[in-house]
Amino acid sequence: MRDEVDGLIEAWRTQRPDVDVRPLEVFSRVSRLSRHLDRARRTVFTEHAIEPWEFDVLAELRRSGPPYELSPGRLLRATLVTSGTMTNRVDRLAAAGLVRRRPDPADKRGVLVRLTDKGAERIDAALASLVSYEEGLLSPMEGQDREQLAALLRSLLAPLDQGPESPKS
């Protein structure tokens with residue numbers, strides 16, 4: 001089986017035989033897969049009137065367990081955005097009735113963001129559709145292959161999640 005990346009790699013090897021393009025064999029596929037997945041997720045989320053960023057914030061709150069409440073700081077670390085971006089996102093989610101803010105009893109200056117019933121219903125429905133859709137995308141792979149792929153991707157992602165480092169040259 002061939003994919004688009006095979007053609008890209010062959011062309012680079014022909015045009016630049018002096019460059020070791022093996023990293024492209026992995027990262028070009030990851031990049032293309034990411035774009036396909038992003039389009040698929042947008043389709044699923046549109047069915048539930050939710051944006052990808054809304055899914056990220058609501059999902060983080062839902063995964064936190066009862067009372068489905070986190071500080072904005074915790075939300076921004078989990079979703080990899082700035083504090084200004086998170087403030088804007090929480091404002092928009094609150095205006096839509098998907099979350100509400102309340103004072104943090106442990107910090108007089110802080111607030112907590114809590115998932116509303118409407119937000120929980122929206123994220124639960126979107127998650128069910130997303131998992132079903134993604135199961136279809138993975139259907140060509142057997143269970144053991146999926147586990148192996150997940151482990152390999154984890155080995156690449158975990159160091160990146162630990163914090164920024166400059167690439168080795």
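This is a friendly dialogue about reading some features of a predicted model.

Me: I am new to this structure. Which residues does the UniProt annotation "domain: HTH marR-type" cover?

Reply: Welcome! In the UniProt record, which is an unreviewed entry, that annotation covers residues 23–158. Over this stretch the chain is 71% helix and 12% strand. The end C-alpha atoms of the stretch are 18 Å apart. Please keep in mind that the model is predicted.

Me: Let me begin with a helix. How many residues does helix H7 have, and how far does it reach?

Reply: A helix can be checked by setting its end-to-end reach against the span expected at 1.5 Å a residue. Helix H7 takes in residues 143–162, which is 20 residues. From its first C-alpha to its last it reaches 28 Å, close to the 28 Å expected.

Me: Where in H7 does a kink lie?

Reply: Look at Ser 155, where there is a kink of about 30°. The proline Pro 159 follows shortly after that point. If you carry on to the residue just after H7, you meet Gly 163, with a positive phi of about 140°.

Me: Which residues other than glycine have a positive phi?

Reply: Two that you can look up are Tyr 68 and Leu 80. Tyr 68 has a phi of about 55°, and its place is in the loop between H3 and S1. Leu 80 has a phi near 60° and is found in the loop between helix H4 (72–79) and helix H5 (83–95).

Me: Are these two buried, partly exposed or exposed?

Reply: Relative accessibility is the value to read here. Tyr 68 is at 23%, so it counts as partly exposed. Leu 80 has a relative accessible area of 75%, so it is exposed.

Me: While I am in the loop with Tyr 68, which peptide bond is cis?

Reply: Omega is the angle to look at. The bond from Pro 66 to Pro 67 is cis, with omega near 5°. Pro 67 is found in the loop between H3 and strand S1 (69–70).

Me: Now for rings. How is a pair of aromatic rings described?

Reply: Two values do the job: the distance of the centres and the angle of the planes. This structure holds one aromatic pair. Phe 45 and Phe 55 form that pair, with 4.6 Å centre to centre and 20° between the planes, and it is stacked. The pair links distant parts of the chain, with Phe 45 in helix H2 (residues 22–47) and Phe 55 in helix H3 (residues 52–63), 10 residues apart. Both Phe 45 and Phe 55 are buried.

Me: What lies in the loop between H2 and H3?

Reply: Among the residues there are His 48 and Glu 51. Let us take Glu 51 to begin with. Leaving aside residues up to four places away in sequence, Glu 51 touches Arg 42 and Phe 45, and Phe 45 belongs to the aromatic pair. Glu 51 has a relative accessible area of 39%, so it is partly exposed. Between Glu 51 and Arg 41 there are 9.3 Å in space, C-alpha to C-alpha, and 10 residues in sequence.

Me: And His 48: is it buried or exposed?

Reply: His 48 is at 18% relative accessibility, and the cut-off for buried is under 20%, so His 48 counts as buried. Its side chain joins that of Ser 129 in a polar contact of 2.7 Å. With residues up to four places away not counted, His 48 touches Arg 122, Ala 125, Ala 126 and Ser 129.

Me: Can you show me one buried residue and one exposed residue, each in a helix? Which would Ile 9 and Glu 121 be?

Reply: Ile 9 is found in helix H1 (residues 4–15). With a relative accessible area of 5%, Ile 9 is buried. Its contacts, again without residues up to four places away, are Val 21, Leu 24 and Glu 25. Ile 9 and Arg 22 are 13 residues apart in sequence and 8.1 Å apart in space, C-alpha to C-alpha. Glu 121 lies in helix H6 (residues 117–138) and, at 57% relative accessibility, counts as exposed. Glu 121 is 23 residues from Leu 98 in sequence, and their C-alpha atoms are 9.1 Å apart.

Definitions and conventions. Residues numbered from 1 in each chain as written. Predicted model: local features only at pLDDT ≥ 70, side-chain atom pairs only at ≥ 80, totals over all residues. Heavy atoms only, no water. Helix = DSSP H or I, 4+ residues; strand = E, 2+ residues; numbered from the N terminus. Expected span 1.5 Å × (residues − 1). Bend = angle between axes of the 7 residues up to and from the residue. Phe/Tyr/Trp six-rings, centres within 6.5 Å; stacked < 30°, edge-to-face > 60°. Buried < 20%, exposed > 50% of the residue type's maximum accessible area, 1.4 Å probe, protein only. UniProt positions renumbered as here; feature names shortened; annotations may be inferred. Contact = heavy atoms within 4.5 Å. Polar contact = N/O pair within 3.5 Å; in protein donor to acceptor, adjacent residues only side chain to side chain.
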